[in-house]
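Open the model in a viewer with the sequence panel beside it. The stops below go from the whole chain to single residues.

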Amino acid sequence: MENIDIFILTSIVATLFAVFIIAMWRELNAISKRPPDYSAESGPRADMIKFIGSIFDDKNIPKKEKKLIVKAMNRTISDMESDGIYFPSEVKEELERQREELNCEYSGLPSVKSYDISLINTNKTLITK
């Protein structure tokens with residue numbers, strides 16, 4: 001009777017394990033009965049990629065215009081300034097600060113802050129100024 005606590009703990013863990021196995025079995029059976037959902041991706045990035053793909057699939061658009069579209073999409077601030085479009089220094093500083101905040105310093109991937117709506121609205125007001 002010295003090890004009664006071990007017996008109780010073992011019975012609880014074994015019961016929870018059995019419940020887990022039964023729940024997994026039911027879920028796998030339910031998944032196998034449903035047809036898989038192959039819906040297309042959605043969201044702003046997926047829509048942009050679809051739009052760009054539709055531009056280049058269109059045979060009526062001349063190659064010269066397609067190259068112009070690609071050039072316009074890949075423009076940076078330095079390219080715009082060389083074309084005569086200048087930005088105030090506070091806009092450049094704010095964009096640089098936000099770029100550092102919006103990307104993870106270790107992986108370079110978008111950070112959690114990149115999905116914050118208030119930051120996106122801040123960017124829109126900076127661009128319109």
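Colour by secondary structure and read along the sequence: the pattern is α-α-α-α-α-α. The protein chain therefore counts six helices and zero strands, given that helices and strands are taken as DSSP runs. This is a predicted model, so switch the colouring to pLDDT, the predictor's confidence in each residue, before going further. The mean over the protein chain is 78, and 84% of the residues reach 70 or more. Confidence is highest in α1, at a mean of 93, and lowest in helix α6 (residues 117-128), at 53.

Now show the surface of the whole chain. Its accessible area is about 11700 Å², with carbon and sulfur atoms contributing 63%. Of the 129 residues, 10% are buried. Among contacts with a separation of 6 or more, 20% join residues that are 24 or more positions apart.

**Stop 1: α1**

Select residues 4-33, which make up helix α1, and find Phe-17 within it. Is Phe-17 buried or exposed? Phe-17 has a relative accessible area of 51%, and the cut-off for exposed is over 50%, so Phe-17 counts as exposed. Add Phe-20, Ile-21, Met-24, Leu-28 and Ile-31 to the selection: with Phe-17 they form a nonpolar surface patch, and together they have about 590 Å² of accessible area.

**Stop 2: α2**

Move to residues 44-57, helix α2, and place a distance between its end C-alpha atoms. How far apart should they be? The helix has 14 residues, and at 1.5 Å a residue the expected span is 20 Å; the end atoms are 20 Å apart in the model, so the two values agree. Next pick out Ala-46, Ile-52 and Ile-55, which are buried residues of α2. Show residues 63-73 as well: this is α3, against which the buried residues of α2 pack.

**Stop 3: the loop before α6**

Select Ser-111, in the loop between α5 (89-102) and α6. Its relative accessibility is 16%, and because the cut-off for buried is under 20%, Ser-111 counts as buried. Which residues does Ser-111 contact, leaving aside neighbours within four places in sequence? They are Glu-101, Leu-102, Asn-103 and Cys-104. Finally, draw a C-alpha to C-alpha distance from Ser-111 to Glu-100: the two residues are eleven apart in sequence and 9.8 Å apart in space.

Definitions and conventions
Residues are numbered from 1 along each chain as its sequence is written. This is a predicted model: local features need pLDDT of at least 70, side-chain atom pairs count only at pLDDT 80 or more; totals for chains, interfaces and linings use all residues. Side-chain values use heavy atoms; hydrogens and water are left out. Helices (H or I, at least four residues) and strands (E, at least two) are DSSP runs, numbered from the N terminus. Buried means under 20% relative accessible area, exposed over 50%, partly exposed in between (1.4 Å probe, protein chains only). Contact means heavy atoms within 4.5 Å. Accessible areas come from the Shrake-Rupley method with a 1.4 Å probe; for residues, only the protein chains shown count as cover. Patches are made of residues with over 30% relative accessible area and no salt bridge: like charges are joined within 9 Å, nonpolar side chains (Val, Leu, Ile, Met, Phe, Trp, Tyr) within 5 Å. A salt bridge is a side-chain nitrogen of Lys or Arg within 4 Å of a carboxyl oxygen of Asp or Glu. The expected span of a helix is 1.5 Å times one less than its number of residues. pLDDT is the predictor's confidence in each residue, from 0 to 100.
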